[in-house]
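Me: I'm new to this structure, so please give me a close look at one part of the picture: how side chains pair up. Plain words are fine, and please explain each term as you go.

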Amino acid sequence: MKIAMKKTVTFLLLLFVANGYSQVFAPKWESCFGGTEWDEGTGIIYSDSSYWIAGRTESADGDIAFNHGNRDLWLLNIDKEGNIISEKTFGGSEYEGSSAKILKLNDSIFYISTATSSDDGDINPTSWQHLSNYWVLQINNKGEILWNRVCGGSDIDNIRDAIVTNDGGIIALGISVSTDGDVTDHHGFGQFDLWLIKLGSNGEKRWTLSLGGIGDEIDGSIIQTIDGGYMVVGDTDGRGGGNYDSTCNFHGDPIWTADVWVVKLDSVGNIEWQQCYGGTYDDYGNNIIELADGYVVLGGTMSNDGDVSGFHETGGSQFNDDIWVFKIDKTGNLLWQKCLGGTYADFARNIFPTSDGGFMIVGTTGSNDGDVVGNHNYGTGYGLHDIWFVKIDSIGNFVWQYCYGGNADEMLYRGVYQKSDWDYVVAIGTTSYDWQCYHSAYPDVRVVELYDSTVGVSESLVGKIKVNIYPNPATSTLNIELPDNPLTNTATVEMLDMNGRVLLKEKFTAPVLHLNTSGLNSGLYLIKVQTAKGVVTDRKSVV
């Protein structure tokens, strides 16, 4: 059952302030989907003018027409305003849908990666017992399975991530204890390795690789790099052995703590280099993106020494963690790092580059101090989280943040789609009473488009007014140019902070106006240019 939650949002609605700067993020539309049991959205793509959400469901009512067993993989297709187009479940008699991620091969064919413990229903059975295995499906845009493959062995294999490769196939990455089946090179009996399997576009196995030593290597994410190879990020307890390099610069106490572990592979899975990053306590890696001059790693930390500084709970905590983001060059040298969060648990798997050279991080927060302001359920109970957007610049400096949440817990995996720098569609699980479809004790799927209503705002004739504003970021001077407007003596410019306060206001006396920004704090500002043809609003940074 879908609850109508479309909202018309006015300028400056839901404004939150952090460190003197704020951001005008607001819901454009919000929708709820689910039944009376546990339902959660974990992955999202945009294809052919609609959104496809992968998740998990234990329901067999409401929006869910059929359930194969205990828990199914659930696929939702909704339009651009959150209205349901279709839904379908996939699975067997046991458990599917954990860590589900949907990937776009083209507008009509998708991959879904998830976990399974079944050997019936939609699942192609294997010769080994299913405790937990990777499950990879190729489907079309009618929800029909083109092929599916169970990957792993007879022990525990838990999927964490997957990517579409340049040849149209797929690589699935997770953690494995198995020593049989598809797993041929496990290291450390009874311990977790990072395990990769490369499948061709028809589901055929191309190659597999276990990464690790005699201890545990967990978490994990993977990207394909510009050179055709791969970059894997996870974490290691540093016990050595296997293909873990003991010169990896491990920082903590082996067995008891973990470092972020970054491994560069060639196109067929050979290790080119590896490196560890962290401090005395636990540090872990959740995602990585490639830039022209290096990589940005997203993870978490409980440390405040070694490679880590700026942790928000003094002395190092073994209970709560910060989001930790850092940049390395193409050979693994640390360039900069930043801790983000507050006193309590802050976590993120999603990071996106933005056009200004910075990054948007989307995760969850249990804090309401430090970098975090506006948590909706802070103090209402242990373990409750908001969705947290945090914007940083090109060298990791905090720019602004925004909390999105209800009166209980919001759960986010990889369900974030970036439409633009200032527009995101998010698929989550929610236990907030006012946001649920059935108001049960279990979460429902909530999908929301969050956007900044101030970006690119033109109050009239936006396409007919040419304004050049440069440089971005500005240091001491910001230039505003009206090249096609001869009536410059009627034009004015205002520079506003993110609370809407006018800081500078000047009148044009020539086609180019030079604003003195040397007295302003570093941050984002709104530039409002008014001419005889109308008003244009833009955003620029000052450093």
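Reply: K104 has a relative accessibility of 37%, so K104 counts as partly exposed (buried is under 20% relative accessible area, exposed is over 50%, and partly exposed is in between, with a 1.4 Å probe and protein chains only). Its partner D107 is partly exposed too, at 39%. The two form a salt bridge, and their closest N and O atoms are 2.9 Å apart (a salt bridge needs a side-chain nitrogen of Lys or Arg within 4 Å of a carboxyl oxygen of Asp or Glu).

Before going further, keep in mind that this is a predicted model, where local features need pLDDT of at least 70 and side-chain atom pairs count only at pLDDT 80 or more, while totals for chains, interfaces and linings use all residues. Residues are numbered from 1 along each chain as its sequence is written, and side-chain values use heavy atoms, with hydrogens and water left out.

Back to the charged pairs. The whole structure has 19 salt bridges. One of them brings together the side chains of E30 and R446, at 2.5 Å from N to O. E30 sits in strand β3 and R446 in strand β31, so this salt bridge ties together parts that are 416 residues apart in sequence (strands are DSSP runs of E with at least two residues, helices are runs of H or I with at least four, and both are numbered from the N terminus). With a relative accessible area of 1%, E30 is buried, and R446 is buried as well, at 0%.

Another salt bridge joins the side chains of D356 and K391, with 3.1 Å from N to O. Here D356 is in the loop between β24 (346-353) and β25 (359-365), whereas K391 is in strand β26 (residues 386-392), so the link ties together parts 35 residues apart in sequence. What about burial in this pair? D356 is partly exposed at 34%, but K391 is buried at 3%. Salt bridges can also link up: D167, K198, E204 and R206 belong to a network of them.

E494 is worth a stop as well, this time for a polar contact. Its side chain and that of K505 are joined by one of 3.5 Å (a polar contact is a pair of N or O atoms within 3.5 Å; within protein, one must be able to donate a hydrogen and the other to accept it, and residues adjacent in sequence count only if both atoms are side-chain atoms). E494 belongs to strand β34 (residues 492-496) and, at 16% relative accessibility, counts as buried.

Now for the cysteines. How many disulfides does a search of the whole structure find? Just one turns up, and it joins C32 to C437 with an S to S distance of 1.9 Å (a disulfide is a pair of cysteine sulfur atoms within 2.5 Å). The torsion about that S-S bond is about -125 degrees, so the disulfide of C32 and C437 is left-handed. C32 is in strand β3 (residues 21-33) and C437 in the loop between β30 (423-430) and β31 (444-452), so the pair ties together parts 405 residues apart in sequence. Both ends are out of the way: C32 is buried at 0%, and C437 is buried at 6%. Two more cysteines to look at are C151, buried at 0%, and C276, also buried at 0%.

Last come the rings. The structure has 21 aromatic pairs (rings of Phe, Tyr and Trp, the last by its six-membered ring, pair if their centres lie within 6.5 Å; planes under 30 degrees apart are stacked, over 60 edge-to-face and the rest tilted). Y284 and F347 make a stacked pair, 6.0 Å centre to centre with 25 degrees between the planes. Y284 lies in strand β20 (residues 283-291) and F347 in strand β24, and the two are 63 residues apart. Y284 is buried at 10%, whereas F347 is partly exposed at 26%. W400 and W422 are stacked too, because their ring centres are 6.1 Å apart and their planes meet at 25 degrees. W400 is in strand β27 (residues 398-404) and W422 in the loop between β29 (416-420) and β30, so this pair ties together parts 22 residues apart in sequence. Both W400 and W422 are buried. They also join F25, F352, F389, Y402 and Y424 in a cluster linked by ring pairs.
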